[in-house]
Amino acid sequence: MDQGIRSLLDYLNSAPTAYHAVSETEKKLKAAGYSILDESVTWNLKPCSGYYVIRNGSSLIAFHTGVNLETPGCFRIVTAHTDSPTFRLKEGMLNEKNGMLTLGVEVMGGPIFSTWLDRDLAVAGRILIRKKDGIETVLYKNSERKVLIPNPPIHLNRTVNKGFEYNAQNHLKCIVKSIQKSSDSTGKSKNSKENIESFYDLIASDLKISSRDILDADLILYDTQEAALTSWEDEFFSSGRIDNLAMCHASIQALLAVQNQTGITVAALFDNEETGSKTPQGADSSFLEQVLERIILSRGGSREGFMAVCASSFIVSADAAHAIHPNFSDLYDEDFTPELNKGPAIKKNAGWNYASTGETASLFKLICEKADVPYQLFINRSDSPTGKTLGPLSAARLGIPAVDVGNPLWSMHSIRETGGVKDHNFMIKAFETHYRVN
Ligand SMILES: [Zn+2]
């Protein structure tokens, strides 16, 4: 299998949550000699060096200072997001119902509900553990410990194939396990929670710690089916979270491949895109702006100098695009919908839900031509609203022109999405060319 795709599939498999995506990204950066920066101390950056900053354990900004740190000509930025639509556990509260222990969930982002039923799901996230000297954060993921959300049988839900509206409160509780029966002192069988007061008891036993030491947790559901190539001739790959871990992976691969430029190269991976980006670690926060300004200030530069660098900079906002679907082609504007494996799509929207302008789209077309990468266009049907991306948020906060691009996918926000193998390598090449500023 192609190295770039093997690396992407491994990344997808190892990152069921934004926390894991950041941790896996950090491993790549560390292996390439990048150093972590603490936001709470003064930075003393060196030229020709790689650094990264993490917020909330779920967003990460990595950059290479290049040869000209005193007076860099520009920032060359790629943005992507680490989160994907899923279901978040409602704390560790277990419910007993009809002999089963179940967990309530909240909807996070916009998943296609039906795709999450009758699958081998598992739980992943971060656990906050009490320690003598404070709180320890541990990442949790165990594909062997499955949970599930079964459908009712069609015999009791006859119209399900005409479309069924799942109620997130009532229908999507996930089943953890059956309640084990025990006998009381009179010999009568009775239901008991087997001393399981909370789901955290099960997690604690997995982690071999006391559940009393679990202070809190951020846990979500994920599909245990691994990412894989698909179609008769393996032209495509399918996995959960391709939106938008594929672009996180591509941006980091490109950042690590291109170093020592005259500009500063940046990959900004934000959490919370699927829920509006308005968090301290989201794209609609101070995170990117502060990191970029501190790069300039760290070598005695001024705020005015920072603004001048911003004025010559460029953002490529990279998020998944819709590929034309042969069974549903009437849902798309067929003149402006990309196909799988025909290259990155440039996304445009008259309501500015995408940041692309004629000027920034032209710049990206030139990047693709230079990289020998084909490109396509995506514009939504004129009678239907389009999705949103990080592009307009970062561009507006920083005053840096941006283009919205993305690789075409089928089934966006399904538990299992499908993308084109060739497109991933095309996008890495395009990002590398964007980062080359000599
Ligand atoms: Zn996305």
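**Exercise 1. In which loop is the place of Asn-341? Find its phi and its exposure as well.**

Solution. The model is predicted.
- Step 1. Locate the residue: Asn-341 sits in the loop between β17 (321-322) and β18 (345-347).
- Step 2. Read the backbone: phi of Asn-341 is near 65°. That is a positive value, and the residue is not glycine.
- Step 3. Judge exposure: Asn-341 has 18 C-beta neighbours inside 10 Å. A count of 20 or more would make a residue buried, and 12 or fewer would make it exposed. Asn-341 therefore counts as partly exposed.

**Exercise 2. Is Asn-272 buried or exposed? Give its loop and phi too.**

Solution.
- Step 1. Asn-272 lies in the loop between β15 (264-270) and α5 (287-297).
- Step 2. Its phi is near 70°, again positive in a residue other than glycine.
- Step 3. Asn-272 has 24 C-beta neighbours inside 10 Å. The cut-off for a buried residue is 20 or more, so Asn-272 counts as buried.

**Exercise 3. Are helices α2 and α4 roughly parallel or roughly antiparallel to each other? Describe their contact.**

Solution.
- Step 1. Take the two helices: α2 covers residues 18-31 and α4 covers residues 242-257.
- Step 2. Their axes come within 11 Å and cross at roughly 15°.
- Step 3. Angles under 35 degrees count as roughly parallel. So α2 and α4 are roughly parallel to each other.
- Step 4. Add the hand: α2 passes α4 in a right-handed crossing.
- Step 5. List the contact: α2 brings Ala-21, Thr-25 and Lys-28, and α4 brings Leu-245, Cys-248, Ile-252 and Leu-256.
- Step 6. Sort these residues by class: 5 are nonpolar, 1 is polar and 1 is charged.

**Exercise 4. Which residues does a cis peptide bond join? Place one of them in a helix.**

Solution.
- Step 1. The cis bond joins Asp-243 and Asn-244.
- Step 2. Omega there is about 15°.
- Step 3. Asn-244 is found in helix α4.

**Exercise 5. How many residues of domain 1 are in contact with domain 2? Set out the domains before counting.**

Solution.
- Step 1. Divide the chain: domain 1 takes 3-84 + 240-435, and domain 2 takes 87-223.
- Step 2. Separate the centres: the C-alpha centres of domain 1 and domain 2 lie 34 Å apart.
- Step 3. Count the contacts: 13 residues of domain 1 meet 17 residues of domain 2.
- Step 4. Class the domain 1 side: where it touches domain 2, it has 3 nonpolar, 8 polar and 2 charged residues.

Notes:
Residues are numbered from 1 along each chain as its sequence is written. This is a predicted model: local features need pLDDT of at least 70, side-chain atom pairs count only at pLDDT 80 or more; totals for chains, interfaces and linings use all residues. Domain bounds come from an automatic or database domain assignment. Two residues are in contact if their C-beta atoms, placed from the backbone, lie within 7 Å. Ala, Val, Leu, Ile, Met, Phe, Trp, Tyr, Cys and Pro count as nonpolar, Asp, Glu, Lys and Arg as charged, and the others, Gly among them, as polar. Axes are lines fitted to C-alpha atoms, for helices over the stretch in contact, and angles run from 0 to 180 degrees between N-to-C directions. Helices (H or I, at least four residues) and strands (E, at least two) are DSSP runs, numbered from the N terminus. Angles under 35 degrees count as roughly parallel, over 145 as roughly antiparallel, 65 to 115 as roughly perpendicular and the rest as oblique. A crossing is left-handed if the near helix is turned anticlockwise from the far one by less than a right angle, and right-handed if clockwise.
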